[in-house]
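Work through the exercises below with the sequence and the structure at hand. Each task is followed by a solution in steps.

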Amino acid sequence: MTEYLKGPASTPADDDWDIVIKPSKGNTPDLGLVWQYRDLVWMFFKRDFTTFYKQTILGPVWYIIQPSLTAMTYYVVFGKIANLSTDGLPPFLFYMSGTIIWSYFAACLTNNSEVFSKNANLFGKVYFPRLVVPLSVAMSGLVAFAIQFLLLLTVSIGLKIANPDLALNYWFLLLTPLVLLYIAVLGIGAGLVVSALTVRFRDLVYAVGFMTQLWMYGTPIVYPFSQIPERYHWFYYLNPMTTPVQTFRWALFDAPALPIGLCLANFAVTIAITLFGLALFSRAEANAMDTV
């Protein structure tokens, strides 16, 4: 007669596995785990870069055409017709500098607003920290910024040669990476808030582009901060994109600097948005695949 061993079956201990998947603790993603998947961030970055340029005619040239035409349009509408000041900067440099900064932020925000819906098939099949995708999106946006920034520098140096009185600082070598880091953190944080909310409110996706456009006009992109009446300054203390735009122009063209209090307020708002986005994203991640 065959004898069967009674009792609980033995299960492998956690030490027997290379990777043990456990539920996250708290309301924030495990950033240490995200670092372990840094190679996957790079893979997603290359995937997005390749997909974007596949079957295109001009490829990266679009990154030059878009801000150039946008800056020229702003010059005609806001410089010539509306006759708005540019703080003494050449209009093309003023509008171009604001455009490329805002374009990077808008890319981080809008492309991260549908993280769950756009990657539903992938999320449902393979486990990895979901925060990997927003990070790769921020990296992909740096390619466009780098191309546009080289265009801005080329035009700036050309105008400096033609007009030696034009201020062209080298502070941008130090401050531009910090400005980009600030924008990436803010863009990812705001994008995580939207992506978490769109899991349950799908129509919110359609409002993202519209709200981003309104946010741009509430930021000193097509007008300088110096022209804003003082009674409206409180709004720009709450707008965290005020600091990177004006700091970028200050570092490159010696534009007027912002008050320290405004910069600190913008930093505080950015930190609050990012922490709120991480917490909301972490909670939505648990049951997103059941809802999307």
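**Exercise 1.** Find which residues of α8 meet which residues of α9 in this predicted model, and describe how the two helices pack.

Solution. Start with the residues. On the α8 side, Val 194, Leu 197 and Thr 198 take part, and they meet Leu 204, Val 205 and Val 208 of α9. Next, sort these residues by type: five are nonpolar, one is polar and none is charged. Then turn to the axes. Helix α8 covers residues 172-198 and helix α9 covers residues 204-217; their axes come within 9 Å and cross at roughly 155°. An angle over 145 degrees counts as roughly antiparallel, so α8 is roughly antiparallel to α9.

**Exercise 2.** Describe the packing of α3 against α4: what is the angle, and how far apart are the axes?

Solution. The angle is about 125°, and the axes are 9 Å apart. This angle is neither under 35 nor over 145 degrees, and it lies outside the range 65 to 115, so the pair falls into the remaining class. The helices α3 and α4 are therefore oblique to each other. Their crossing is right-handed. From α3, the contact includes Gln 66, Pro 67, Tyr 74, Tyr 75 and Phe 78; from α4, Phe 92, Tyr 95 and Met 96 are among the residues involved. By type, the residues of this contact divide into eleven nonpolar, six polar and no charged.

**Exercise 3.** Treat the pair α3 and α7 in the same steps: at what angle do the axes cross?

Solution. The axes of α3 and α7 (residues 132-162) cross at roughly 60° and come within 9 Å. That makes α3 oblique to α7. The crossing is right-handed. In α3, Tyr 63, Ile 64, Gln 66, Pro 67 and Ser 68 meet Ala 144, Ile 147, Gln 148 and Leu 151 in α7. Sorting the residues of this contact gives six nonpolar, three polar and no charged. Compare the lists: Gln 66, Pro 67 and Ser 68 of α3 appear in the contact with α7 and also in the contact with α4.

**Exercise 4.** Locate Asp 87 and Asp 254, and state for each what phi is near.

Solution. Take Asp 87 first. Asp 87 sits in the loop between α3 (62-81) and α4 (91-111). Its phi is near 60°, a positive value in a residue other than glycine. With 23% relative accessibility, Asp 87 counts as partly exposed, because the buried class ends at 20%. Now take Asp 254, in the loop between α11 (242-253) and α12 (260-291). Phi of Asp 254 is also positive and near 60°. At 47% relative accessible area, Asp 254 is partly exposed, since exposed requires over 50%.

**Exercise 5.** Are Cys 108 and Cys 263 buried or exposed, and how many disulfides are counted?

Solution. Cys 108 has a relative accessible area of 0%, so Cys 108 is buried. Cys 263 has 13% relative accessibility and therefore counts as buried. A disulfide is a covalent bond between the sulfur atoms of two cysteines. The count needs a pair of cysteine sulfur atoms within 2.5 Å, and the result is zero disulfides.

**Exercise 6.** How many helices and strands does the chain have?

Solution. The chain has twelve helices and zero strands. Of its 292 residues, 43% are buried. Among contacts with a separation of 6 or more, 79% join residues 24 or more positions apart.

Terms used
Residues are numbered from 1 along each chain as its sequence is written. This is a predicted model: local features need pLDDT of at least 70, side-chain atom pairs count only at pLDDT 80 or more; totals for chains, interfaces and linings use all residues. Side-chain values use heavy atoms; hydrogens and water are left out. Helices (H or I, at least four residues) and strands (E, at least two) are DSSP runs, numbered from the N terminus. Buried means under 20% relative accessible area, exposed over 50%, partly exposed in between (1.4 Å probe, protein chains only). Axes are lines fitted to C-alpha atoms, for helices over the stretch in contact, and angles run from 0 to 180 degrees between N-to-C directions. A crossing is left-handed if the near helix is turned anticlockwise from the far one by less than a right angle, and right-handed if clockwise. Contact means heavy atoms within 4.5 Å. Ala, Val, Leu, Ile, Met, Phe, Trp, Tyr, Cys and Pro count as nonpolar, Asp, Glu, Lys and Arg as charged, and the others, Gly among them, as polar.
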